[in-house]
Amino acid sequence: MGRNLEKDAVEMAAKNQRILENGFRIFAENTIERVTMNDVADGARIAISSLYRYYSTKPKLVMAVATWAWSQYAEENAEREAALEKPGRTAAEMLDFYLESFLDLYRHHADLLRFNQFFNAYLSSGAVSEEEKKPYLDMIRGLEARFAGIYRAAERDGTIKTDMPEEKAFSATLHLMLAVVSRYAVGLAYNEETDVEEELRLQKEMLMQRFVKQ
């Protein structure tokens, strides 16, 4: 009998899912530099030779994990946003949801924020080529396109200021909010009495005041 190609494809996809899930878990618990391909193979319960058939180098594996992890959250967040959809939703309301998403990350996805801290350090090391970064950067451009929708809505209703170029506004808000929630996710507070929720809420309100027309 010939091979069941459909069954093989399902098994390959399931194995790849195990690789990504366990790679993410291990990378989020350690600095990425300290994790070996053997560690990921062991976590996914596969042979190291099998792992290399999926990802021939560690940088390719790291980028695949990062793209998968952030895509998972983007899909979850999109579903959460869809549940709030209503006719006549303003640009200010869309911006509020966008900024609130970072607080949601802190509350429910601290592991993703920890991973992102280690991931940024790994990228800074120069271990990943520009070609290997491409799938991840394409995913980020998708997020940027969603942010662009806020500016398009602002052109219609004028509820937020668009004096700052769209690309700059996206970059500034993304990096500022992500840096703050990541810092708290890894336990870096200025003192033990810090009310993290209050500070994050204040950060969000300050950005809303910068953009929303009074």
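**Aromatic pairs and residue environments in an all-helix chain**

Trp70 and Tyr73 are separated by about one helical turn, because the two residues are 3 positions apart in helix α4 (residues 58-82). Helices (H or I, at least four residues) and strands (E, at least two) are DSSP runs numbered from the N terminus. The structure is a predicted model, in which local features need pLDDT of at least 70 and side-chain atom pairs count only at pLDDT 80 or more, while totals for chains, interfaces and linings use all residues. Residues are numbered from 1 along each chain as its sequence is written, and side-chain values use heavy atoms, with hydrogens and water left out.

The secondary structure of the protein chain consists of 9 helices and 0 strands. In order from the N terminus, the elements read α-α-α-α-α-α-α-α-α. The C-alpha trace spans about 70 × 45 × 30 Å along its principal axes. Of the 214 residues in the protein chain, 43% are buried (under 20% relative accessible area; exposed is over 50% and partly exposed lies in between, with a 1.4 Å probe and protein chains only). The protein chain exposes about 12,100 Å² (Shrake-Rupley method, 1.4 Å probe), and carbon and sulfur atoms supply 53% of this area. Among contacts (heavy atoms within 4.5 Å) with a separation of 6 or more, 73% are between residues 24 or more positions apart. The protein chain carries 28 positive side chains (Lys and Arg) and 35 negative ones (Asp and Glu), with His and the chain ends not counted. The centres of the two sets lie 4 Å apart, each charge being placed at NZ of Lys, CZ of Arg, CG of Asp or CD of Glu.

The structure holds 10 aromatic pairs (rings of Phe, Tyr and Trp, the last by its six-membered ring, with centres within 6.5 Å; planes under 30 degrees apart count as stacked, over 60 as edge-to-face and the rest as tilted). The Trp70 and Tyr73 rings have centres 6.5 Å apart and planes at 85°, so this pair is edge-to-face. Both Trp70 and Tyr73 are buried. In the pair of Phe147 and Phe170, the ring centres are 5.6 Å apart and the planes stand at 55°, so the arrangement is tilted. This pair links distant parts of the chain, with Phe147 in helix α7 (residues 130-157) and Phe170 in helix α8 (residues 166-185), 23 residues apart. Phe147 counts as buried at 4% relative accessibility, and Phe170 is buried at 6%.

One aromatic cluster is formed by Phe24, Phe27, Trp68, Phe115, Phe119 and Tyr136. Phe119, a member of this cluster, lies in helix α6 (residues 110-124) and is buried, with a relative accessible area of 0%. Leaving out residues up to four places away in sequence, Phe119 touches Ile32, Val62, Met63, Ala66 and Tyr136. The C-alpha atoms of Phe119 and Val62 are 8.0 Å apart, although 57 residues separate the two in sequence. Elsewhere, Arg210 lies over the face of Phe211, 5.0 Å from the ring centre (NZ of Lys or CZ of Arg within 6 Å of the ring centre and within 35 degrees of the ring normal).

Several residues of helix α8 were examined individually. Glu166 is placed in this helix and counts as buried at 19% relative accessibility. Apart from neighbours within four places in sequence, Glu166 is in contact with Phe147, Ala148, Tyr151 and Arg152. Lys168 is also found in helix α8 but is exposed, with a relative accessible area of 54%. Lys168 and Glu85, 83 residues apart along the chain, have C-alpha atoms separated by 26 Å. Met177, likewise in helix α8, is buried at 0% relative accessible area. With neighbours within four places set aside, the contacts of Met177 are Leu99, Phe102, Leu103, Gln203 and Leu207. Met177 and Asn77 are 100 residues apart in sequence, and their C-alpha atoms lie 16 Å apart in space.

Arg45 lies in the loop between α2 (37-44) and α3 (48-54). Arg45 has a positive phi of about 60° although it is not a glycine. With a relative accessible area of 62%, Arg45 is exposed.
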